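Hi everyone, thanks for making time this morning. I'd like to walk you through one model, so let me put it up on the screen.

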Amino acid sequence: PLLIRKAMDVLNTQIMNAGEVANLLSMSHANRLLAEAQAAAKEDLRKAVESCNLDQLEYAIVICTVLGLQGDDLFNRAERLRTQLIEGEKLRIDLKTAIAAENEEMLRDAIDKATDLP
């Protein structure tokens with residue numbers, strides 16, 4: 001019985017050690033996958049900035065935010081570009097509305113807004 005008990009203790013220790021190793025390997029693998037996902041997200045964000053496509057930009061910003069990548073120069077530039085694209089779209093709609101309504105005052109307001117944009 002004593003020999004069996006010692007063998008069981010050794011076996012339990014080995015099982016616990018194997019579990020710890022498995023946890024460390026899992027964490028290492030998870031960290032590697034996270035790093036790969038972050039790199040891919042940064043590349044998607046860079047491409048979205050280059051394309052100036054609002055839908056792609058918004059998607060890439062959300063993904064980068066979820067992966068904790070906000071705050072660097074590329075992310076900040078993407079957010080500024082997103083804001084400018086949205087403002088440009090609003091201005092385009094204002095201009096189309098003013099032209100369609102043949103309203104000179106609305107047209108002047110839209111043009112004034114356009115000259116205020118960066």
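Let me start with a question: among contacts in the chain between residues at least 6 apart in sequence, what percentage join residues at least 24 apart? The answer is 48%. Please keep in mind as we go that this is a predicted model.

Now the overall layout. We have four helices and zero strands, so to speak an α-α-α-α pattern when you read along the sequence. The radius of gyration is 28 Å, while the globule rule gives 13 Å for 118 residues, so the chain is more spread out than a compact globule. You can see that in the box filled by the C-alpha atoms, roughly 100 × 25 × 20 Å along the principal axes. As for burial, 14% of the 118 residues count as buried. The chain exposes about 8,900 Å², and carbon and sulfur atoms supply 60% of that area. On the charge side, there are 14 positive and 20 negative side chains, with the centres of the two sets 9 Å apart.

Let's turn to helix H1, residues 2–51. With 50 residues at 1.5 Å each, H1 should span 74 Å, and its end C-alpha atoms are 73 Å apart, which agrees. Which residues are buried in H1? They are Ala 41, Leu 45, Ala 48 and Val 49. If you look at that spacing, recall that an α-helix has 3.6 residues a turn, so residues three or four places apart point the same way. The cover over the buried residues of H1 includes H2 and H3. Just after H1 comes Cys 52, with a positive phi of about 55 degrees.

Next is helix H3, residues 73–101. Its 29 residues should span 42 Å, and the end C-alpha atoms of H3 are indeed 42 Å apart. Here the buried residues are Leu 74, Phe 75, Ala 78, Leu 81, Leu 91 and Ala 98. What covers them includes H1, H2 (54–66) and H4 (104–116). Just after H3, Glu 102 also has a positive phi, of about 50 degrees.

One last stop, still in H3: Gly 88. Is Gly 88 buried or partly exposed? Its relative accessible area is 29%, and Gly 88 is therefore partly exposed. Its C-alpha atom is 9.8 Å from that of Lys 113, a residue 25 places away along the chain.

That's my tour, and thanks for listening!

Technical notes
Residues numbered from 1 in each chain as written. Predicted model: local features only at pLDDT ≥ 70, side-chain atom pairs only at ≥ 80, totals over all residues. Heavy atoms only, no water. Helix = DSSP H or I, 4+ residues; strand = E, 2+ residues; numbered from the N terminus. Rg over C-alpha atoms; globule rule 2.2 N^0.38 Å. Buried < 20%, exposed > 50% of the residue type's maximum accessible area, 1.4 Å probe, protein only. Contact = heavy atoms within 4.5 Å. Areas by Shrake-Rupley, 256 points an atom, 1.4 Å probe, with all protein chains shown as cover. Lys, Arg positive; Asp, Glu negative; His and termini not counted. Charge placed at Lys NZ, Arg CZ, Asp CG, Glu CD. Expected span 1.5 Å × (residues − 1).
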